Amino acid sequence: MLDAFRDWLTGLDSGFYLAIWAGAAILTLVFLFLGFRTLIRARIIAHTPTSRLRSAAQGFNEIEGTGRAVDDHSLYSPLSFTPCLWFDMTIERLESSGKNRRWVTVERRRSDAVFRVDDDTDEAFVDPDHARVIPHSRRRWRERGVRRGWSTGSSAGFGGQAHRYTEQLLLPEQPLYVLGWLETRGHRNDGGSDLDAVEQRRLDLLREWKTDETARQRFDLDGDGEISEREWSWAMRLARAQARRDVSDADRERVSASNVVHLMRRPDNGDPFIISGLPQDKLVRRKTLKAGAFITGSLVLFVFWLIAQTTRSVI
């Protein structure tokens, strides 16, 4: 078999060989990139501690709970009219030209409606925009004949051509895993952000310490009665740390109130945003296997490239 492969390589036209060589090199790099990116995401999922909504810090979090519709009113998938939290649907039409047949996308729709995740301590709204969604169910089927137009609601249908329908759903009242950015809204009555609150508290602390003789003695490390630039820099760092603790404590008290709203959304810093109907352990296993397949594919392509180079160099 290897001899036949070598014979095939030696018989290739130089231009065609160069195209295959370049294609193999590009695919090797793409597979390597996808493999390591998927592996990194699997590690992030495995090593991010699962938080409870009632005590979760603001920022990147992992939440496990039950998916629920807002106000308990589920969406309905456009194709099968199944109650759901989220859907992704594709309609394709089979087109023929001579001996060639191919599926052409007629319509593609993806839900962007917000839903909830409830982890028994609290609940958070989930904005699925730009999320990588692993659905609870995925169906694909074919039909032929007249059907109603989904987006227009007309009865003209798609004619007698064959159509292929694909539907992915997140279902209500099923386990849900969400990895993304958690922020709490509506708890700060002054309308400011956490950063504004920390900065304001830091300035207040520094003003207090300037007029507090005990505080001045605390920062006068060399005891010369003056606060040097180095000592003042230390005081500023201490004020920032104290301000963060004070604001965090105040937020925690407000979070217990009934007017807070948690939101899980895509992180702004490029961290992954994943919503999954699969439990965490299965998700990690699936991504690890997928990463292994990509990396194995890149190694196979590299071996192919190496054999090709050796064979052609002998000619």
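A residue counts as buried when its relative accessible area is under 20%, as exposed when it is over 50%, and as partly exposed in between (1.4 Å probe, protein chains only). By that yardstick, 36% of the 315 residues of the protein are buried. What you are looking at is a predicted model, in which local features need a pLDDT of at least 70 and side-chain atom pairs count only at pLDDT 80 or more, while totals for chains, interfaces and linings use all residues. Residues are numbered from 1 along each chain as its sequence is written, and side-chain values use heavy atoms, with hydrogens and water left out.

Let's start with how far to trust it. The pLDDT, the predictor's confidence in each residue on a scale from 0 to 100, averages 82 over the protein, and 87% of the residues score at least 70. The lowest confidence is in helix α1 (residues 2-10), with a mean of 71, and the highest is in strand β13 (residues 274-276), at 95. Then there is the stretch 151-157, where the pLDDT is below 50; beyond near neighbours in sequence, it has 12 contacts in the model, a contact being heavy atoms within 4.5 Å. Where pLDDT is low, the predicted coordinates should not be read in detail.

Now for the overall layout. The protein has 6 helices and 13 strands; these are DSSP runs numbered from the N terminus, with helices being H or I of at least four residues and strands being E of at least two. Among contacts between residues at least 6 apart in sequence, 70% join residues at least 24 apart.

A good place to dig in is an open sheet of 4 strands, with the order β5-β4-β10-β9 and antiparallel pairing. The edge strands are β5 and β9, each of which pairs on one side only. From one strand to the next, the twist averages 20°, with axes taken as lines fitted to C-alpha atoms (for helices over the stretch in contact) and angles running from 0 to 180 degrees between N-to-C directions. Strands of a sheet pair through backbone hydrogen bonds, either parallel or antiparallel; here, two strands pair if DSSP finds at least two bridges between them.

Walk across the sheet from β5. Strands β4 and β5 (residues 100-110) are joined in the antiparallel sense over 10 bridges. Along this seam, Glu95 stands opposite Arg102 in β5, and Ile91 stands opposite Glu107 in β5. The hairpin of β4 and β5 has 2 residues between the strands, and Gly98 there takes a positive phi near 65°. On to the next seam: β4 (residues 86-97) and β10 are antiparallel over 8 bridges, with Glu92 standing opposite Arg164 in β10. Finally, 8 bridges join β9 to β10, again running antiparallel. Arg164 in β10 turns up here too, standing opposite Arg142.

The β9 and β10 strands also share an aromatic pair. Rings of Phe, Tyr and Trp (its six-membered ring) pair if their centres lie within 6.5 Å, and planes under 30 degrees apart count as stacked, over 60 as edge-to-face and the rest as tilted. The count by this rule is 2 aromatic pairs. In one of them, the rings of Trp141 and Tyr165 have centres 5.7 Å apart and planes at 25°, so the pair is stacked. It links distant parts of the chain, with Trp141 in strand β9 (residues 137-144) and Tyr165 in strand β10 (residues 162-170), 24 residues apart. Trp141 and Tyr165 are both buried. Trp141 has another partner: the charged end of Arg139 sits over its ring, 4.3 Å from the centre. A charge sits over a ring if NZ of Lys or CZ of Arg is within 6 Å of the ring centre and within 35 degrees of the ring normal.

Away from the sheet, have a look at Thr38 in helix α2 (residues 14-47). Thr38 is buried, with a relative accessible area of 10%. Leaving aside residues up to four places away in sequence, Thr38 touches Lys287, Lys290, Ala291 and Phe294.

Two loops deserve a glance for their backbone. Most residues other than glycine have a negative phi. Phe81, however, has a positive phi near 55°; this residue is in the loop between β2 (75-76) and β3 (83-84) and is exposed, at 54% relative accessible area. Asp120 has a positive phi near 75°. You'll find Asp120 in the loop between β6 (115-118) and β7 (123-126), and at 72% relative accessibility Asp120 counts as exposed.
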